[in-house]
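Grab your viewer and work through a few short exercises. Each one sets a task and then walks through a solution.

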Amino acid sequence: MSVLFFLTKSSFPTINLSMITVLNDYIEKYIQDADSSDDKTIARHLKEIIPKTTHLEEKVFKKIVGELKNELDSRKDDDFKSAFLKVRKKFILKGDTIKAELPAVLIRIIPNTRKFLEYIANANGIKVEKLEKRISSRGIKDFIQYIGHLELAPGDKNVVFATFDEDHLENDPFINRKVFDIVNMLALHMDDSSNNEEPLTAVKLKYRNRKSSEKKFPTFIDAGWYRNFYPADEEDFYGRTKSLDKSLKNMPEVVHKNSKMSDVVKDIVFLKD
């Protein structure tokens with residue numbers, strides 16, 4: 001069952017509005033006290049989108065809000081961010097199961113190739129330069145085997161976000177697209193290192209859509225402490241990004257449990273503007 005929540009008595013009759021009001025009060029208190037402008041922006045964003053949650057059972061939504069309130073009531077510091085991240089761990093991948101047809105191959109975009117290679121190098125105890133030489137001399141298939149023990153979404157609380165071409169399921173929607181456009185379409189976050197003279201880069205992972213891994217509608221819990229996530233419309237068939245550039249298409253998105261790269265990855269493409 002997909003339920004759409006709004007903060008009005010007429011359209012939101014089943015949720016205890018006092019719970020939401022208290023939660024909003026905690027968020028406002030956090031915004032006043034937070035040191036980081038980014039954290040303030042994200043807190044305001046969550047205050048906006050949490051009541052608009054879609055494709056999540058009402059009883060689960062109630063439990064999330066209730067646990068957030070209880071966690072905040074029990075804290076001495078009124079730290080909404082810490083409370084949110086703690087409660088989040090209990091409720092990832094709880095959105096509705098996606099029933100629409102999905103492609104055999106899904107795509108995950110990871111911004112900043114350099115940081116991706118640094119992570120791989122550190123995980124394998126070698127220097128980035130040596131890793132780059134290995135890729136260029138042995139090719140992508142060897143590289144996929146080499147990193148096969150790692151996961152699609154390292155350090156991402158076991159949640160993988162993926163996308164695809166909804167109009168032609170067998171196609172790659174990012175062929176001939178600039179990294180800048182891809183990042184905007186997926187509403188991805190580029191860190192400060194991407195604002196200097198370093199060119200925009202990204203890693204495109206193309207991997208098998210295993211039917212044993214249930215695909216879910218993403219929720220604000222799956223997205224975590226993130227400023228660019230928006231819930232899909234209630235009538236949508238899967239999650240939906242909100243492109244940072246209005247001239248570019250919003251992309252479909254799904255979430256699922258993490259997998260080892262060796263189990264699913266078919267191709268890795270390094271993108272550069």
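## Warm-up: the whole chain

**Exercise 1.** Work out how much of the chain is buried and how its contacts are spread along the sequence.

*Solution.* Start with burial: of the 273 residues in the chain, 49% are buried. Keep in mind that this is a predicted model. Next, get the secondary structure, which comes to 10 helices and six strands. Then take the contacts with a separation of 6 or more: 79% of them join residues 24 or more positions apart. Finally, look at the outside, where the accessible surface is about 14,200 Å² and carbon and sulfur atoms hold 48% of that.

## Cores

**Exercise 2.** Find the largest nonpolar core and say which elements give two or more residues to it.

*Solution.* Step one is the size: this core has 34 residues. Step two is its best-connected members, and those with the most contacts inside the core are L46, I64, F80, F84, F220 and W225. Step three is where the residues come from. Helices α1 (17–33), α2 (37–49), α3 (58–74), α4 (80–88) and α9 (220–223) each supply two or more, and so does strand β2 (159–162). Apart from this core there is another one, with 31 residues, including L102, F116, L117 and F164.

Now zoom in on one member. Skipping residues up to four places away in sequence, F84 touches L46, L68, F220, I221, G224 and W225. As background, nonpolar side chains in soluble globular proteins tend to be buried together.

## Odd backbone angles

**Exercise 3.** Two residues that are not glycine, L93 and N112, have a positive phi; where do they sit, and are they buried or exposed?

*Solution.* First, recall the usual case: most residues other than glycine have a negative phi. Take L93, with a phi of about 60 degrees, in the loop between α4 and β1 (105–111). Its relative accessibility is 16%, and the cut-off for buried is under 20%, so L93 counts as buried. Now take N112, with a phi of about 75 degrees, in the loop between β1 and α5 (113–124). N112 has 3% relative accessibility, so it counts as buried.

## A proline in a loop

**Exercise 4.** Describe the surroundings of P103.

*Solution.* Place it first: P103 lies in the loop between α4 and β1. With 3% relative accessibility, P103 counts as buried. Leaving out neighbours within four places in sequence, P103 is in contact with F164, L169 and N209. For L169, check the backbone too: the C-alpha atoms of P103 and L169 are separated by 5.0 Å, with their positions 66 residues apart along the chain.

## A covered helix

**Exercise 5.** How many residues of α8 are buried, and what do they pack against?

*Solution.* Count along residues 179–186: seven of the eight are buried. These are V179, D181, I182, V183, N184, M185 and L186. Their packing partners are β1, β3 (201–208) and β6 (265–272). Just after α8, A187 has a positive phi of about 55 degrees.

## Empty space

**Exercise 6.** Characterise the largest cavity by volume and lining.

*Solution.* The count gives one cavity of 30 Å³ or more, and the largest has a volume of about 30 Å³. Its lining is L152, Y207, R208, N209, R210, S213, K215, H256, S259 and V264. Sorted by class, that makes three nonpolar, four polar and three charged residues.

How values were computed: Residues are numbered from 1 along each chain as its sequence is written. This is a predicted model: local features need pLDDT of at least 70, side-chain atom pairs count only at pLDDT 80 or more; totals for chains, interfaces and linings use all residues. Side-chain values use heavy atoms; hydrogens and water are left out. On a 1 Å grid over the protein atoms alone, a cavity is a set of points where a 1.4 Å probe fits but cannot get out, and a pocket is an open set with protein on both sides within 12 Å along at least five of seven lines; lining residues have an atom within 4 Å of a point. Grid points are joined across faces, edges and corners, and a volume is the space filled by probe spheres set on the points. Ala, Val, Leu, Ile, Met, Phe, Trp, Tyr, Cys and Pro count as nonpolar, Asp, Glu, Lys and Arg as charged, and the others, Gly among them, as polar. Helices (H or I, at least four residues) and strands (E, at least two) are DSSP runs, numbered from the N terminus. Buried means under 20% relative accessible area, exposed over 50%, partly exposed in between (1.4 Å probe, protein chains only). Contact means heavy atoms within 4.5 Å. Accessible areas come from the Shrake-Rupley method with a 1.4 Å probe; for residues, only the protein chains shown count as cover. A nonpolar core is a set of buried Ala, Val, Leu, Ile, Met, Phe, Trp, Tyr and Cys residues joined through side-chain atoms within 4.5 Å.
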